[in-house]
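Me: I've got a model open on my screen and I'd like to know where its labels come from. Can you take me through them?

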Amino acid sequence: MTRLTDNDIVDIAYSVISYDRDLIKKTGFSLGQIGAAAAGYDLSKNCLADCKVAIIPVTSGKGLIKGFSESVVAIVDHLGGQSFITGSTDVRGLTEAYSRDAHVVMLADDHCFAAINLVSRKIVDNAAATAQGYAVALDRMAGSLHNKDVLLIGAGQVGAAAAIALTELGAHLVIFDINKKKESNLARSMESRSSFPVRAGFSLNEALGRCSILFDASPGRHFVTGEQVDEKTLIAAPGIPLGLDPDAARKVSERLIHDPLQIGVATMLFQALVK
Ligand code: 2YJ
């Protein structure tokens, strides 16, 4: 997964309420409702209020990202949890989280972002959680994905998790990746899970011509142009940077779900709390 930059997340801590308002406008559901649905978490139990979440800054690799821990805190608190950033980083931060009785820790290096429930020992990976959360958000934005064609762009880690989540929501998958080997491997592995044929082998332009519901799980930038989208296009795009060029992004802005952390963090938190 692409490493986030300070710039990608600069606004999150200040804009989580307006982010959520926008998500409700597009999908009819809040960030908490989408994360909980993706995790199979019962929001009426409301045990989040008693849940202490420690965010541990991690300095390894390329080091801290300015505002990363604060963004995760803002998202968790917005959902109703109680979170804190450990005063120390890395291993000392982990010992601090334990000694302050955190129920869940969240920590990320350059390659992996995990939530670990210290009580139940459940481990949740951001890439899979993000795919699942975005699949539910796309389902809600579309009314339902049941029996609808969905073009999945990108057959990497997020794409593979999205393929499963979209299939479970009843979507008929069309898979595209610039790496044709990865594309056909994912299509083949999905055949046994889907009661409908999983289609692949198209050019991007052909695939975009067949589907108006898109899940962009690729790390590519600006490869979808304004002529390839229209007023029916719906897009869930967890990948950073955005695959749409500025013209396409402008045309679909009211039907585009794209954020650097929010849906992934919400889904991770609820998944960490589910048995
Ligand atoms: O603690 C910090 O400030 C840093 N070690 C955070 C590193 C954040 N990691 C990434 O951006 C990775 N690519 C994984 C995050 C996936 C988010 N969708």
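Me: What makes S88 count as buried, exposed or partly exposed?

Reply: First, some ground rules: this is a predicted model, where local features need pLDDT of at least 70 and side-chain atom pairs count only at pLDDT 80 or more, while totals for chains, interfaces and linings use all residues. Residues are numbered from 1 along each chain as its sequence is written, and side-chain values use heavy atoms, with hydrogens and water left out. Now S88: buried means under 20% relative accessible area, exposed over 50%, and partly exposed in between (1.4 Å probe, protein chains only). S88 has 22% relative accessibility, so it counts as partly exposed. S88 sits in the loop between β2 (82–85) and α5 (90–99); helices (H or I, at least four residues) and strands (E, at least two) are DSSP runs, numbered from the N terminus. Its C-alpha atom is 7.6 Å from that of P57, 31 residues apart along the chain.

Me: Why is A54 called buried or exposed?

Reply: A54 has a relative accessible area of 0%, so it is buried. A54 belongs to strand β1 (residues 52–56).

Me: How do you know that the length of α6 agrees with its number of residues?

Reply: The expected span of a helix is 1.5 Å times one less than its number of residues. For α6 (residues 126–141), with 16 residues, that should give 22 Å, and the end C-alpha atoms are 22 Å apart, so the two agree.

Me: And why is α6 described as largely enclosed?

Reply: Because 13 of its 16 residues are buried, α6 is largely enclosed by the rest of the structure.

Me: What makes the pair D125 and A127 a polar contact?

Reply: A polar contact is a pair of N or O atoms within 3.5 Å; within protein, one must be able to donate a hydrogen and the other to accept it, and residues adjacent in sequence count only if both atoms are side-chain atoms. At the start of α6, a side-chain oxygen of D125 comes to within 3.1 Å of the backbone nitrogen of A127.

Me: Which ligand atom pairs fall under that cut-off?

Reply: Among them is a side-chain N or O atom of N126, 2.9 Å from a nitrogen atom of the ligand. A backbone N or O atom of L4 is 3.0 Å from a ligand oxygen atom, and a polar backbone atom of D110 is 3.4 Å from a ligand nitrogen atom. N126 is also one of the residues that come nearest, out of the 16 around the ligand (near means a heavy atom within 4 Å).

Me: What stands out about the phi of N147 and H222?

Reply: Phi of N147 is positive, about 65 degrees, though N147 is not a glycine. H222, also other than glycine, has a positive phi near 55 degrees. With 45% relative accessibility, N147 counts as partly exposed, and H222 counts as partly exposed at 39%.

Me: Where is the cis peptide bond, and how do you know?

Reply: The cis peptide bond joins I240 and P241, where omega is about 0 degrees. P241 lies in the loop between β9 (234–236) and α10 (246–251).
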